[in-house]
Amino acid sequence: MKVISIDKTEWANGIEKTKSIYRLFGPVKENTWHSFMPLGPGEQPDMAYGNSRLSPKFLVHPQTEPMFEYNLDEKQADHHVLKEIPKDVSPKAIIGIRPCDASAFLLVKRNFDTPTYKDPYWLTAYNSLTLIGYACNQPCSTCFCTTAGCGPFHEEGLDAILVDAGDRYLLKALTEKGEAYIQSAGWATSAPSDADQSIEKLKSTAEKAIASHVSTDKLRNQSTTQLYDAPFWEEIAFSCINCGTCTYSCPTCWCFDIQDENHGKCGVRMRNWDSCMYPLFSLHGTGHNPRGAKAHRVRQRFMHKLKYYVDKYDNGIQCVGCGRCIRLCPVNIDIRKVCNQMNSYDPAACVCPV
Ligand code: SF4
Ligand code: SF4
């Protein structure tokens, strides 16, 4: 598709224009990190960032999402009736989403959009979004996207991709939604004929800068039960404090819980982020907990991402290599090491402690 050239002096003006059509979100600096925030009049995205601390998954799967409201007052005609809370389906756009985070939406979509079940909340929010990606010219040292089915200039899942080319941005629409966003900004200057070559050069440099890799080629052929029973889980889990940071910061984690919260005679049913790292997440009503020990929960997280998902969808691992869980884990548990350990596991060669 056609590449548009945006002089950086024209950038803010275009961004401002899009706000008349879209509710715009972009990276904003908070203390020492960046977060995706709504951009009000006059507010610009801070494009000088590596990646946000939390992924923008909350725009599709909010941390707390009110689903229904009800009242328990029997004097009211509609008491004990669940009434759906209307959703904001107005067009929204994320400017500056990194390719890994956009790709993560596609992985998660396999869970929320199936032939037999279509999650109305997730799908409505996802469909109302336009994703204007921002290619990573300088990936972080913890990024391993190129071996996790993604890449610093990966286009899948994006509506347009923006590349920083020094004094200008190069912007390429990838879908009709992307074209509509570019039109709304009024950016229409065609890039010079060598723009595609410039993008390829930056892409190649960025990919070469990624020094961090995982091996995933043997995961599918590994025996699920042998991996489940592997002796390394206790050691991996030893330092974990079950804080849940890895799951909350991960763009591909989707665990949630549904709760009713009453205030007097009114109530709201909502779904909240949850985490497989928490003991309560899998606690049964009987009191039995199939993942009562810390090692069981740590094993579940990695088995889900690197084995169950791989077997179920035959479409890579449930990870885009963003590196957040590596950067943020307070005890330095590293999914790259666990992935390589699972991939190369050979029970015959394993010397188990007696
Ligand atoms: S961030 Fe680290 S310590 Fe916290 S739950 Fe995840 S693996 Fe455990
Ligand atoms: S598992 Fe870690 S590296 Fe992979 S997508 Fe989630 S946060 Fe990023």
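## Ligand shells, sheet and domains

The shell around ligand 1 holds 9 nonpolar residues, 3 polar ones and no charged ones. The model is predicted. Cysteines recur in this shell: Cys240, Cys243, Cys246 and Cys329 are among its members. Ile241, Asn242, Gly244, Thr245, Met277, Pro330, Val331 and Ile333 also surround ligand 1.

Ligand 2 has 13 residues around it. Those that come nearest are Cys250, Cys319, Cys322, Arg324 and Cys325. Here the shell does include charged residues, 2 of them, beside 7 nonpolar and 4 polar.

The table sets out the residue classes of both shells and of one domain face.

| Group | Nonpolar | Polar | Charged |
|---|---|---|---|
| Shell of ligand 1 | 9 residues | 3 residues | no residues |
| Shell of ligand 2 | 7 residues | 4 residues | 2 residues |
| Side of domain 1 that touches domain 2 | 11 residues | 6 residues | 3 residues |

Now the domains. Domain 1 covers 3–54 + 88–209, and domain 2 covers 224–349. Their centres, taken over C-alpha atoms, are separated by 28 Å. Domain 1 gives 20 residues to the contact, and domain 2 gives 16 residues. On the domain 1 side, the residues divide into 11 nonpolar, 6 polar and 3 charged.

Next, the sheet. Seven strands form an open sheet in the order β1-β9-β8-β7-β6-β2-β3. The pairing is mixed. β1 (3–7) and β3 (33–38) are the edge strands, each pairing on one side only. From one strand to the next, the twist averages 25 degrees. Inside the sheet, β7 (residues 129–134) and β8 (residues 160–164) run parallel, joined by 3 bridges. Ile132 has Ala160 of β8 as its bridge partner.

Technical notes:
Residues are numbered from 1 along each chain as its sequence is written. Chains are lettered from A and ligands numbered from 1 in the order in which they are written. This is a predicted model: local features need pLDDT of at least 70, side-chain atom pairs count only at pLDDT 80 or more; totals for chains, interfaces and linings use all residues. A residue is near a molecule or strand if its C-beta atom, placed from the backbone, lies within 6 Å of it. Ala, Val, Leu, Ile, Met, Phe, Trp, Tyr, Cys and Pro count as nonpolar, Asp, Glu, Lys and Arg as charged, and the others, Gly among them, as polar. Two strands pair if DSSP finds at least two bridges between them. Helices (H or I, at least four residues) and strands (E, at least two) are DSSP runs, numbered from the N terminus. Axes are lines fitted to C-alpha atoms, for helices over the stretch in contact, and angles run from 0 to 180 degrees between N-to-C directions. Domain bounds come from an automatic or database domain assignment. Two residues are in contact if their C-beta atoms, placed from the backbone, lie within 7 Å.
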